[in-house]
Amino acid sequence: MNTFAGNEFFELAERYLARHYTRFKDLMICRAEGSRLVDINGKNILDFLACFSASAAGHGHREITMAAVLQLITGLTACPGKVLHPSIVLCAERLTQLCGMDKVVFKNGGTEAFESAVLIARKWGYTNKGLSPDKAEAEIIVCKGNFHGRTFGARSASDVPQYTRMFGPLMPGFVWISYNDIVSLEQAISSKTVAVILEPVQGEGGINVPYDGYLRDVYRVCDNNNVLLIADEIQTGFGRTGKMFACQWEDVQPDLYVLGKALGGGFVPISAVVGPSRIMNVLESGEDGSTFGGNPYACAVALAAMKVIERENLPGRALASGTYFMEWLRHIADRSKYIKEVRGKGLLVGIEIKQEYHALEFVESLLKEGLLCCDARNNVVRFSPPLNISQGDLYEGIQIIGKVFTS
Ligand SMILES: *Cc1c(COP(=O)(O)O)cnc(C)c1O
(Lines give C-alpha, C1' and ligand atoms only; values in the text may rest on other atoms or scores of the structure.)
Protein backbone atom coordinates (compact mmCIF):
# COMPACT_ATOMS: atom_id res chain seq x y z
CA MET A 1 0.00 0.00 0.00
CA ASN A 2 2.10 2.90 -1.21
CA THR A 3 -0.32 5.55 -2.42
CA PHE A 4 2.38 8.22 -2.39
CA ALA A 5 4.37 6.40 -5.05
CA GLY A 6 1.09 5.95 -6.90
CA ASN A 7 0.45 9.67 -7.13
CA GLU A 8 3.95 10.17 -8.41
CA PHE A 9 3.33 7.69 -11.24
CA PHE A 10 0.20 9.56 -12.28
CA GLU A 11 2.15 12.82 -12.39
CA LEU A 12 4.86 11.22 -14.49
CA ALA A 13 2.24 9.83 -16.85
CA GLU A 14 0.71 13.26 -17.28
CA ARG A 15 4.11 14.78 -17.90
CA TYR A 16 5.65 12.27 -20.31
CA LEU A 17 2.92 10.43 -22.18
CA ALA A 18 1.32 11.83 -25.31
CA ARG A 19 -2.42 12.30 -25.18
CA HIS A 20 -3.57 9.85 -27.81
CA TYR A 21 -5.46 7.76 -25.24
CA THR A 22 -8.19 8.79 -22.83
CA ARG A 23 -6.69 6.94 -19.90
CA PHE A 24 -8.56 5.90 -16.79
CA LYS A 25 -7.69 8.52 -14.19
CA ASP A 26 -7.15 6.41 -11.09
CA LEU A 27 -5.97 3.17 -12.58
CA MET A 28 -2.33 2.08 -12.48
CA ILE A 29 -1.98 -1.68 -12.63
CA CYS A 30 1.16 -3.60 -11.76
CA ARG A 31 0.27 -7.32 -11.65
CA ALA A 32 -2.12 -9.76 -13.25
CA GLU A 33 -3.21 -13.36 -12.97
CA GLY A 34 -5.94 -15.15 -14.88
CA SER A 35 -8.92 -12.79 -15.10
CA ARG A 36 -7.62 -10.52 -12.34
CA LEU A 37 -5.56 -7.36 -12.34
CA VAL A 38 -3.97 -5.80 -9.28
CA ASP A 39 -3.41 -2.06 -9.08
CA ILE A 40 -0.51 -0.33 -7.30
CA ASN A 41 -2.58 0.03 -4.14
CA GLY A 42 -3.29 -3.68 -4.04
CA LYS A 43 -6.86 -3.33 -5.29
CA ASN A 44 -8.18 -6.35 -7.16
CA ILE A 45 -9.88 -5.70 -10.51
CA LEU A 46 -11.82 -8.12 -12.68
CA ASP A 47 -10.51 -7.96 -16.22
CA PHE A 48 -13.45 -8.06 -18.62
CA LEU A 49 -11.34 -6.64 -21.45
CA ALA A 50 -8.35 -9.00 -21.68
CA CYS A 51 -6.42 -6.36 -23.62
CA PHE A 52 -9.05 -6.31 -26.37
CA SER A 53 -9.12 -10.11 -26.56
CA ALA A 54 -5.34 -10.53 -26.70
CA SER A 55 -5.12 -12.27 -23.32
CA ALA A 56 -7.45 -15.05 -24.42
CA ALA A 57 -6.02 -17.64 -22.01
CA GLY A 58 -5.89 -15.17 -19.13
CA HIS A 59 -2.87 -13.37 -17.73
CA GLY A 60 0.26 -15.26 -16.82
CA HIS A 61 -0.86 -18.66 -18.09
CA ARG A 62 1.73 -21.11 -16.77
CA GLU A 63 2.36 -22.99 -19.97
CA ILE A 64 2.75 -19.86 -22.10
CA THR A 65 4.98 -18.33 -19.44
CA MET A 66 7.17 -21.45 -19.48
CA ALA A 67 7.47 -21.32 -23.27
CA ALA A 68 8.49 -17.66 -23.02
CA VAL A 69 11.10 -18.37 -20.34
CA LEU A 70 12.50 -21.38 -22.19
CA GLN A 71 12.94 -19.32 -25.33
CA LEU A 72 14.53 -16.47 -23.35
CA ILE A 73 17.17 -18.74 -21.87
CA THR A 74 18.22 -19.95 -25.31
CA GLY A 75 19.43 -16.39 -25.75
CA LEU A 76 17.71 -16.27 -29.12
CA THR A 77 15.01 -13.62 -29.18
CA ALA A 78 15.70 -11.61 -32.31
CA CYS A 79 16.91 -12.81 -35.66
CA PRO A 80 16.66 -11.49 -39.21
CA GLY A 81 13.96 -12.81 -41.52
CA LYS A 82 16.60 -14.39 -43.76
CA VAL A 83 17.74 -16.65 -40.90
CA LEU A 84 15.70 -19.69 -39.95
CA HIS A 85 15.06 -21.02 -36.45
CA PRO A 86 12.79 -23.83 -35.19
CA SER A 87 10.16 -21.62 -33.51
CA ILE A 88 9.09 -19.89 -36.71
CA VAL A 89 8.76 -23.18 -38.57
CA LEU A 90 6.74 -24.88 -35.83
CA CYS A 91 4.58 -21.81 -35.31
CA ALA A 92 3.88 -21.55 -39.04
CA GLU A 93 2.99 -25.24 -39.22
CA ARG A 94 0.56 -25.02 -36.30
CA LEU A 95 -1.03 -21.81 -37.49
CA THR A 96 -1.62 -22.93 -41.07
CA GLN A 97 -3.08 -26.23 -39.82
CA LEU A 98 -5.39 -24.38 -37.44
CA CYS A 99 -6.56 -22.16 -40.30
CA GLY A 100 -6.78 -24.90 -42.93
CA MET A 101 -4.35 -22.84 -45.03
CA ASP A 102 -0.90 -23.34 -46.57
CA LYS A 103 1.33 -20.36 -45.89
CA VAL A 104 1.87 -17.47 -43.55
CA VAL A 105 3.51 -14.04 -43.35
CA PHE A 106 4.30 -12.96 -39.80
CA LYS A 107 4.17 -9.36 -38.62
CA ASN A 108 3.90 -7.67 -35.23
CA GLY A 109 0.81 -5.53 -34.75
CA GLY A 110 -2.54 -6.44 -36.27
CA THR A 111 -2.55 -3.35 -38.44
CA GLU A 112 0.68 -4.48 -40.11
CA ALA A 113 -0.93 -7.78 -41.04
CA PHE A 114 -3.80 -5.81 -42.56
CA GLU A 115 -1.25 -3.92 -44.69
CA SER A 116 0.26 -7.21 -45.86
CA ALA A 117 -3.17 -8.54 -46.78
CA VAL A 118 -3.80 -5.43 -48.88
CA LEU A 119 -0.40 -5.86 -50.48
CA ILE A 120 -1.02 -9.51 -51.34
CA ALA A 121 -4.55 -8.85 -52.61
CA ARG A 122 -3.40 -6.06 -54.91
CA LYS A 123 -0.58 -8.09 -56.40
CA TRP A 124 -2.91 -11.07 -56.78
CA GLY A 125 -5.28 -8.77 -58.68
CA TYR A 126 -2.57 -7.50 -61.01
CA THR A 127 -1.32 -10.99 -61.76
CA ASN A 128 -4.67 -12.79 -61.92
CA LYS A 129 -7.35 -10.36 -63.04
CA GLY A 130 -5.60 -8.56 -65.88
CA LEU A 131 -5.69 -5.21 -64.09
CA SER A 132 -3.04 -2.66 -64.92
CA PRO A 133 -0.43 -2.15 -62.19
CA ASP A 134 0.83 0.95 -63.99
CA LYS A 135 -2.58 2.56 -63.71
CA ALA A 136 -2.84 1.25 -60.10
CA GLU A 137 -6.36 0.12 -60.84
CA ALA A 138 -6.96 -2.33 -58.01
CA GLU A 139 -9.88 -1.61 -55.71
CA ILE A 140 -10.54 -3.14 -52.32
CA ILE A 141 -13.98 -3.11 -50.76
CA VAL A 142 -14.22 -2.36 -47.04
CA CYS A 143 -17.17 -1.84 -44.71
CA LYS A 144 -18.46 1.26 -43.05
CA GLY A 145 -17.77 1.18 -39.33
CA ASN A 146 -14.75 -1.09 -39.74
CA PHE A 147 -11.62 -1.08 -37.66
CA HIS A 148 -8.46 -2.47 -39.23
CA GLY A 149 -5.83 -0.56 -37.26
CA ARG A 150 -3.96 2.72 -37.40
CA THR A 151 -1.29 2.51 -40.05
CA PHE A 152 -1.98 4.60 -43.12
CA GLY A 153 -3.50 1.77 -45.10
CA ALA A 154 -5.83 0.78 -42.29
CA ARG A 155 -6.63 4.41 -41.55
CA SER A 156 -7.37 5.07 -45.21
CA ALA A 157 -9.80 2.15 -45.14
CA SER A 158 -11.66 3.74 -42.24
CA ASP A 159 -14.74 5.94 -42.51
CA VAL A 160 -14.32 7.31 -38.99
CA PRO A 161 -13.30 11.00 -39.09
CA GLN A 162 -11.22 10.63 -35.91
CA TYR A 163 -8.81 8.39 -37.85
CA THR A 164 -8.88 10.21 -41.16
CA ARG A 165 -9.89 13.84 -41.26
CA MET A 166 -6.77 15.56 -39.95
CA PHE A 167 -4.31 13.10 -41.47
CA GLY A 168 -4.61 13.33 -45.21
CA PRO A 169 -3.58 12.65 -47.85
CA LEU A 170 -4.86 9.15 -47.40
CA MET A 171 -4.17 6.06 -49.47
CA PRO A 172 -6.58 5.62 -52.42
CA GLY A 173 -8.11 2.39 -53.65
CA PHE A 174 -10.78 1.65 -51.07
CA VAL A 175 -14.51 1.46 -51.77
CA TRP A 176 -17.03 1.44 -48.91
CA ILE A 177 -20.13 -0.67 -48.49
CA SER A 178 -22.68 -0.90 -45.71
CA TYR A 179 -21.88 -3.71 -43.31
CA ASN A 180 -24.48 -6.44 -43.05
CA ASP A 181 -26.00 -5.49 -46.41
CA ILE A 182 -25.38 -7.87 -49.30
CA VAL A 183 -27.00 -5.61 -51.91
CA SER A 184 -24.53 -2.88 -51.02
CA LEU A 185 -21.72 -5.34 -51.82
CA GLU A 186 -23.28 -6.49 -55.08
CA GLN A 187 -23.56 -2.89 -56.24
CA ALA A 188 -19.99 -1.99 -55.25
CA ILE A 189 -18.20 -4.84 -57.01
CA SER A 190 -16.59 -3.83 -60.29
CA SER A 191 -14.08 -5.32 -62.72
CA LYS A 192 -11.38 -3.57 -60.67
CA THR A 193 -12.34 -5.15 -57.36
CA VAL A 194 -9.64 -7.48 -56.10
CA ALA A 195 -10.84 -8.13 -52.56
CA VAL A 196 -13.45 -7.58 -49.90
CA ILE A 197 -12.05 -7.16 -46.39
CA LEU A 198 -14.37 -7.46 -43.43
CA GLU A 199 -14.63 -8.40 -39.77
CA PRO A 200 -17.04 -11.31 -39.13
CA VAL A 201 -18.21 -9.31 -36.10
CA GLN A 202 -17.28 -5.63 -35.96
CA GLY A 203 -15.56 -5.07 -32.61
CA GLU A 204 -14.39 -1.48 -32.35
CA GLY A 205 -17.39 -0.47 -34.49
CA GLY A 206 -19.73 -1.44 -31.64
CA ILE A 207 -19.94 -5.26 -31.47
CA ASN A 208 -22.00 -5.43 -34.65
CA VAL A 209 -23.12 -8.97 -35.38
CA PRO A 210 -24.36 -9.47 -38.97
CA TYR A 211 -27.39 -11.59 -39.88
CA ASP A 212 -26.98 -15.36 -40.02
CA GLY A 213 -25.81 -16.16 -43.52
CA TYR A 214 -24.15 -12.80 -44.25
CA LEU A 215 -20.66 -14.27 -44.48
CA ARG A 216 -21.89 -17.05 -46.74
CA ASP A 217 -23.62 -14.48 -48.96
CA VAL A 218 -20.44 -12.40 -49.11
CA TYR A 219 -18.43 -15.49 -49.92
CA ARG A 220 -20.80 -16.40 -52.78
CA VAL A 221 -20.67 -12.89 -54.29
CA CYS A 222 -16.85 -12.86 -54.04
CA ASP A 223 -16.61 -16.32 -55.58
CA ASN A 224 -18.90 -15.42 -58.49
CA ASN A 225 -16.82 -12.34 -59.27
CA ASN A 226 -13.34 -13.78 -58.78
CA VAL A 227 -12.75 -11.48 -55.82
CA LEU A 228 -10.83 -12.46 -52.66
CA LEU A 229 -12.64 -12.60 -49.36
CA ILE A 230 -10.28 -11.44 -46.62
CA ALA A 231 -11.43 -11.98 -43.04
CA ASP A 232 -9.97 -9.63 -40.46
CA GLU A 233 -10.19 -12.00 -37.51
CA ILE A 234 -7.66 -10.10 -35.43
CA GLN A 235 -10.26 -9.72 -32.70
CA THR A 236 -12.66 -12.59 -33.46
CA GLY A 237 -10.02 -15.26 -34.08
CA PHE A 238 -8.74 -17.99 -31.76
CA GLY A 239 -12.02 -18.83 -30.10
CA ARG A 240 -13.35 -15.44 -29.09
CA THR A 241 -16.78 -15.93 -30.71
CA GLY A 242 -17.18 -19.58 -29.76
CA LYS A 243 -15.51 -21.10 -32.82
CA MET A 244 -11.78 -21.14 -33.53
CA PHE A 245 -12.50 -18.56 -36.24
CA ALA A 246 -15.76 -16.65 -36.53
CA CYS A 247 -16.04 -17.50 -40.25
CA GLN A 248 -16.56 -21.13 -39.19
CA TRP A 249 -19.97 -20.18 -37.81
CA GLU A 250 -21.09 -20.15 -41.44
CA ASP A 251 -18.69 -22.79 -42.78
CA VAL A 252 -16.92 -20.11 -44.77
CA GLN A 253 -13.24 -20.52 -45.59
CA PRO A 254 -11.99 -17.05 -46.52
CA ASP A 255 -9.17 -16.57 -49.03
CA LEU A 256 -7.00 -14.89 -46.41
CA TYR A 257 -7.15 -14.66 -42.65
CA VAL A 258 -5.70 -11.58 -40.99
CA LEU A 259 -4.80 -12.48 -37.40
CA GLY A 260 -3.23 -10.87 -34.36
CA LYS A 261 -4.15 -10.14 -30.77
CA ALA A 262 -4.72 -13.58 -29.15
CA LEU A 263 -2.10 -15.17 -31.43
CA GLY A 264 0.52 -13.79 -29.03
CA GLY A 265 -1.40 -15.02 -25.99
CA GLY A 266 -1.31 -11.51 -24.56
CA PHE A 267 2.44 -11.99 -24.03
CA VAL A 268 3.94 -10.68 -27.27
CA PRO A 269 2.88 -8.69 -30.31
CA ILE A 270 2.60 -11.05 -33.23
CA SER A 271 0.26 -10.96 -36.19
CA ALA A 272 -0.12 -12.90 -39.40
CA VAL A 273 -1.68 -13.21 -42.82
CA VAL A 274 -2.53 -16.82 -43.58
CA GLY A 275 -3.70 -18.16 -46.92
CA PRO A 276 -3.46 -20.83 -49.60
CA SER A 277 -0.32 -21.14 -51.75
CA ARG A 278 -2.18 -20.02 -54.88
CA ILE A 279 -2.54 -16.57 -53.29
CA MET A 280 0.41 -16.36 -50.88
CA ASN A 281 2.84 -17.30 -53.64
CA VAL A 282 2.27 -14.02 -55.47
CA LEU A 283 4.71 -12.51 -52.96
CA GLU A 284 8.28 -12.69 -54.13
CA SER A 285 11.53 -12.26 -52.30
CA GLY A 286 12.01 -8.79 -50.86
CA GLU A 287 8.46 -7.56 -51.48
CA ASP A 288 7.40 -7.77 -47.86
CA GLY A 289 9.17 -8.19 -44.55
CA SER A 290 9.57 -7.01 -40.99
CA THR A 291 12.54 -6.81 -38.62
CA PHE A 292 10.67 -8.32 -35.71
CA GLY A 293 7.91 -10.17 -37.55
CA GLY A 294 8.20 -13.88 -36.78
CA ASN A 295 11.03 -13.44 -34.29
CA PRO A 296 12.00 -16.52 -32.24
CA TYR A 297 10.60 -15.21 -28.98
CA ALA A 298 7.20 -14.22 -30.40
CA CYS A 299 6.88 -17.46 -32.37
CA ALA A 300 7.73 -19.66 -29.37
CA VAL A 301 5.10 -17.86 -27.32
CA ALA A 302 2.50 -17.94 -30.11
CA LEU A 303 3.03 -21.66 -30.57
CA ALA A 304 2.38 -22.21 -26.86
CA ALA A 305 -0.65 -19.90 -26.95
CA MET A 306 -2.19 -21.86 -29.84
CA LYS A 307 -1.58 -25.16 -28.03
CA VAL A 308 -3.33 -23.84 -24.93
CA ILE A 309 -6.25 -22.45 -26.93
CA GLU A 310 -6.77 -25.85 -28.58
CA ARG A 311 -6.10 -28.14 -25.64
CA GLU A 312 -8.18 -26.16 -23.16
CA ASN A 313 -10.95 -25.87 -25.76
CA LEU A 314 -11.15 -22.12 -25.35
CA PRO A 315 -13.62 -21.75 -28.26
CA GLY A 316 -16.02 -24.14 -26.49
CA ARG A 317 -15.55 -22.35 -23.19
CA ALA A 318 -16.13 -18.98 -24.85
CA LEU A 319 -19.40 -20.26 -26.27
CA ALA A 320 -20.65 -21.68 -22.95
CA SER A 321 -19.54 -18.67 -20.89
CA GLY A 322 -20.74 -16.21 -23.53
CA THR A 323 -24.20 -17.78 -23.65
CA TYR A 324 -24.47 -17.67 -19.87
CA PHE A 325 -23.12 -14.10 -19.74
CA MET A 326 -25.51 -12.75 -22.37
CA GLU A 327 -28.49 -14.48 -20.73
CA TRP A 328 -27.67 -12.62 -17.54
CA LEU A 329 -27.08 -9.33 -19.34
CA ARG A 330 -30.49 -9.61 -21.04
CA HIS A 331 -31.99 -10.26 -17.63
CA ILE A 332 -30.26 -7.12 -16.35
CA ALA A 333 -31.43 -5.19 -19.43
CA ASP A 334 -35.05 -6.01 -18.55
CA ARG A 335 -34.60 -4.24 -15.23
CA SER A 336 -32.44 -1.35 -16.49
CA LYS A 337 -33.56 2.01 -17.83
CA TYR A 338 -30.24 2.59 -19.61
CA ILE A 339 -29.90 -0.38 -21.93
CA LYS A 340 -31.12 -0.47 -25.51
CA GLU A 341 -29.72 -3.84 -26.58
CA VAL A 342 -27.41 -6.68 -25.55
CA ARG A 343 -25.57 -8.37 -28.40
CA GLY A 344 -22.53 -10.41 -29.16
CA LYS A 345 -21.09 -13.75 -30.10
CA GLY A 346 -19.27 -16.03 -27.69
CA LEU A 347 -17.36 -13.81 -25.29
CA LEU A 348 -17.32 -10.76 -27.56
CA VAL A 349 -20.23 -8.93 -26.02
CA GLY A 350 -21.66 -5.43 -26.13
CA ILE A 351 -24.33 -3.49 -24.27
CA GLU A 352 -25.78 -0.70 -26.38
CA ILE A 353 -26.83 2.23 -24.22
CA LYS A 354 -29.86 4.40 -24.95
CA GLN A 355 -29.04 7.56 -26.88
CA GLU A 356 -29.27 10.00 -23.98
CA TYR A 357 -26.42 8.25 -22.08
CA HIS A 358 -22.69 7.80 -22.70
CA ALA A 359 -20.97 4.43 -22.63
CA LEU A 360 -17.85 5.86 -21.05
CA GLU A 361 -19.76 6.89 -17.90
CA PHE A 362 -20.84 3.30 -17.40
CA VAL A 363 -17.32 2.04 -18.07
CA GLU A 364 -16.04 4.37 -15.35
CA SER A 365 -18.72 3.33 -12.89
CA LEU A 366 -17.93 -0.33 -13.54
CA LEU A 367 -14.26 0.34 -12.90
CA LYS A 368 -15.06 2.01 -9.59
CA GLU A 369 -16.85 -1.19 -8.65
CA GLY A 370 -13.80 -3.23 -9.66
CA LEU A 371 -14.50 -4.32 -13.25
CA LEU A 372 -12.43 -3.26 -16.24
CA CYS A 373 -14.14 -3.06 -19.64
CA CYS A 374 -14.21 -0.51 -22.43
CA ASP A 375 -16.44 1.58 -24.64
CA ALA A 376 -16.84 1.12 -28.38
CA ARG A 377 -17.94 4.20 -30.26
CA ASN A 378 -20.01 6.37 -27.88
CA ASN A 379 -22.90 4.09 -27.20
CA VAL A 380 -21.61 0.58 -26.56
CA VAL A 381 -20.00 -0.92 -23.47
CA ARG A 382 -17.92 -3.84 -24.62
CA PHE A 383 -16.82 -6.93 -22.75
CA SER A 384 -14.19 -9.46 -23.81
CA PRO A 385 -12.99 -11.33 -20.73
CA PRO A 386 -10.40 -14.12 -20.94
CA LEU A 387 -12.00 -17.14 -22.62
CA ASN A 388 -11.13 -19.37 -19.65
CA ILE A 389 -12.66 -17.04 -17.06
CA SER A 390 -13.96 -19.06 -14.13
CA GLN A 391 -17.68 -19.31 -13.38
CA GLY A 392 -17.01 -17.50 -10.11
CA ASP A 393 -15.24 -14.54 -11.71
CA LEU A 394 -17.85 -14.34 -14.46
CA TYR A 395 -20.66 -14.32 -11.94
CA GLU A 396 -18.92 -11.70 -9.81
CA GLY A 397 -18.62 -9.52 -12.92
CA ILE A 398 -22.30 -10.03 -13.72
CA GLN A 399 -23.23 -8.86 -10.22
CA ILE A 400 -21.17 -5.69 -10.66
CA ILE A 401 -22.73 -5.02 -14.06
CA GLY A 402 -26.19 -5.63 -12.60
CA LYS A 403 -25.52 -3.17 -9.80
CA VAL A 404 -24.25 -0.42 -12.12
CA PHE A 405 -26.98 -0.77 -14.73
CA THR A 406 -29.93 -1.00 -12.38
CA SER A 407 -28.97 1.71 -9.89
C1 LIG B 1 -7.18 -4.58 -32.89
C2 LIG B 1 -7.61 -4.74 -34.28
C3 LIG B 1 -6.79 -4.37 -35.33
C4 LIG B 1 -5.45 -3.68 -35.13
O5 LIG B 1 -4.55 -4.43 -34.42
P6 LIG B 1 -3.29 -3.70 -33.73
O7 LIG B 1 -2.53 -4.82 -33.10
O8 LIG B 1 -3.84 -2.73 -32.74
O9 LIG B 1 -2.54 -3.02 -34.80
C10 LIG B 1 -7.24 -4.60 -36.62
N11 LIG B 1 -8.42 -5.18 -36.85
C12 LIG B 1 -9.25 -5.57 -35.86
C13 LIG B 1 -10.54 -6.24 -36.18
C14 LIG B 1 -8.88 -5.35 -34.52
O15 LIG B 1 -9.70 -5.69 -33.55
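**Briefing: sheets, helices and spaces**

Helix 12 (residues 314–335) lies across strand 11, strand 12 and strand 15, and runs at about 175° to strand 11. The model is predicted. Seven strands form one open sheet, and four strands form another open sheet. One cavity of 30 Å³ or more is present. The second largest pocket holds about 720 Å³ of space.

**Four-stranded sheet and its helices**

- The strand order in this open sheet is 11-12-15-14, and the pairing is antiparallel.
- Strand 11 (339–345) and strand 14 (374–376) are the edge strands, each pairing on one side only.
- On average, neighbouring strands here are turned by 30° against each other, direction ignored.
- Strand 12 (residues 348–353) and strand 15 (residues 380–383) run antiparallel and are joined by four bridges.
- Within that pairing, Ile351 has Val381 of strand 15 as its bridge partner.
- Helix 12 touches strand 11, strand 12 and strand 15 as it lies across them.
- Helix 13 (residues 359–368) lies across strand 12, strand 14 and strand 15. Helix 13 runs at about 40° to strand 15.

**Seven-stranded sheet**

- This open sheet has the order 4-10-9-8-7-5-6, with mixed pairing.
- Its edge strands are strand 4 and strand 6 (174–177), and each of them pairs on one side only.
- Neighbouring strands in this sheet are turned by 20° against each other on average, direction ignored.
- Strand 4 pairs with strand 10 (residues 271–275) through five bridges, and the two run antiparallel.
- Val105 stands opposite Val273 of strand 10.
- As background, strands of a sheet pair through backbone hydrogen bonds, either parallel or antiparallel.

**Second largest pocket**

- The pocket has a volume of about 720 Å³.
- Its lining counts 26 residues. Nearest the centre are Gly81, Ile88, Val104, Val105 and Phe106.
- Helix 4 (86–99) and strand 4 (103–107) are the elements that give two or more residues to this lining.
- Strand 4 supplies the largest share of the lining, with five residues.
- Val105 has two roles: Val105 is among the residues nearest the pocket centre, and Val105 also faces Val273 in strand 10.
- The lining has twelve nonpolar, eight polar and six charged residues.

**Packing of helix 4 on helix 11**

- Helix 4 packs against helix 11 (residues 296–311) at an angle of about 35°. Their axes are 8 Å apart.
- The crossing of these two helices is left-handed.
- From helix 4, the contact uses Ser87, Ile88, Leu90, Cys91, Arg94, Leu95 and Leu98.
- From helix 11, it uses Pro296, Cys299, Ala300, Ala302, Leu303, Met306, Lys307 and Glu310.
- By class, the contact has eleven nonpolar, one polar and three charged residues.
- Ile88 belongs to this helix contact, and Ile88 is also among the residues nearest the centre of the second largest pocket.

**Largest cavity**

- The structure holds one cavity of 30 Å³ or more. The largest cavity has about 50 Å³ of space.
- Its lining is made up of Pro200, Val201, Val209, Pro210, Leu215, Ala246, Trp249, Glu250 and Lys345.
- Seven of the lining residues are nonpolar, none is polar and two are charged.
- Lys345 lines the cavity, and strand 11 spans 339–345.

Technical notes:
Residues are numbered from 1 along each chain as its sequence is written. This is a predicted model: local features need pLDDT of at least 70, side-chain atom pairs count only at pLDDT 80 or more; totals for chains, interfaces and linings use all residues. Side-chain values use heavy atoms; hydrogens and water are left out. On a 1 Å grid over the protein atoms alone, a cavity is a set of points where a 1.4 Å probe fits but cannot get out, and a pocket is an open set with protein on both sides within 12 Å along at least five of seven lines; lining residues have an atom within 4 Å of a point. Grid points are joined across faces, edges and corners, and a volume is the space filled by probe spheres set on the points. Ala, Val, Leu, Ile, Met, Phe, Trp, Tyr, Cys and Pro count as nonpolar, Asp, Glu, Lys and Arg as charged, and the others, Gly among them, as polar. Two strands pair if DSSP finds at least two bridges between them. Axes are lines fitted to C-alpha atoms, for helices over the stretch in contact, and angles run from 0 to 180 degrees between N-to-C directions. Contact means heavy atoms within 4.5 Å. A crossing is left-handed if the near helix is turned anticlockwise from the far one by less than a right angle, and right-handed if clockwise.
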